[in-house]
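Reader: Could you walk me through this structure, please? I am new to reading models like this one.

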Amino acid sequence: AGGESYIVGGAVRDELLPDTPSPKDIDFLVRNLELHQIANALSHLGKVKEVGQAFGVVTATIDGEDFDFAIPRTAETKTGEKHTEFDVETDPNAPIEADLGRRDFTINALAKDAEGNIVDLFGGQEDLQNKIVRAVGDPNDRFREDPLRMLRAIQFATRFNFDIEPETAAAIRKNLDKLDSVSEERILLEFKKAWTKGAANSARLIDLLYETGIGEILFGFSFRPQGVIIENTE
């Protein structure tokens, strides 16, 4: 349809990580097309829903799987404390740099074009090699935009056995009070991802919750779980 498409985010990240299963969720970014044009172009492949129209997203069900097709985001403005209370500005003609610069961490701010070329504007590949979780741009801005990203930092660090970059970790400790605006359901989802996808590294999850202060905020002042060795007495 004349658009410019990219695979973005976690699918690109996981493809670059050794010994990582192929991603199940694949998201696309499309430039130079309006949402209705994207929907029309996809309609012959399956069912198309513009349920995310306010956020610049079209969802298409193709061969029984859901795929999100988004146009570039250029700005997000908080309108309230809840994670759903914000306005999103989109521009189908904006450069891909504008969208990738709105993402949470450098390892997720990656894109792959239709020819298979990787677009990496924030050092995401280097951070993958060095096993670092680093916020894109100012980490305080990223966490103010969506406080759940603080838990996502811990989830990725646990899942991939990465370190959280010092400035990003400091910003987490600085913005802990904003976790009050995150729903229990969203918190639980990140815990599930950390615990199931990083099951071999569960002690790392506990340590990160303690070191960042998130554990104390969520579970109380006395949060400091200890590992217990259970001996077989038979």
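Reader: In which sense do strand S1 and S8 pair?

Author: Happy to help! First, this is a predicted model, where local features need pLDDT of at least 70, side-chain atom pairs count only at pLDDT 80 or more, and totals for chains, interfaces and linings use all residues. Residues are numbered from 1 along each chain as its sequence is written, and side-chain values use heavy atoms, with hydrogens and water left out. Strands (E, at least two residues) and helices (H or I, at least four) are DSSP runs numbered from the N terminus, and two strands pair if DSSP finds at least two bridges between them. S1 (residues 4-8) and S8 have three bridges, and the sense of their pairing is antiparallel.

Reader: Which residue in S8 stands opposite Ile7?

Author: S8 covers residues 110-113, and S1 covers residues 4-8. The residue of S8 opposite Ile7 is Lys112.

Reader: What is the bridge partner of Leu110 in S9?

Author: S8 is also joined to strand S9 (residues 118-120), by three bridges, and these two strands run antiparallel. Their hairpin has four residues between the strands, and Gly116 there takes a positive phi near 90°. In S9, Leu110 has as its bridge partner Asp120.

Reader: Are the residues on the two faces of strand S8 buried or exposed?

Author: Buried means under 20% relative accessible area, exposed over 50%, and partly exposed in between (1.4 Å probe, protein chains only). Leu110 and Lys112 are on one side of S8, with Ala111 and Asp113 on the other. Both faces are covered, and these residues are all buried.

Reader: At what angle do the axes of helix H6 and helix H8 cross?

Author: Axes are lines fitted to C-alpha atoms, for helices over the stretch in contact, and angles run from 0 to 180 degrees between N-to-C directions. The axes of H6 (residues 148-160) and H8 (residues 184-197) come within 8 Å and cross at roughly 10°. That makes H6 roughly parallel to H8, a term for angles under 35 degrees (over 145 is roughly antiparallel, 65 to 115 roughly perpendicular and the rest oblique). So the pair counts as roughly parallel, with a crossing angle of roughly 10°.

Reader: Which residues does Asn140 touch, not counting those up to four places away in sequence?

Author: Asn140 lies in helix H5 (residues 139-145) and is buried, with a relative accessible area of 15%. Contact means heavy atoms within 4.5 Å. Leaving out residues up to four places away in sequence, Asn140 touches Ala171, Lys174 and Asn175.
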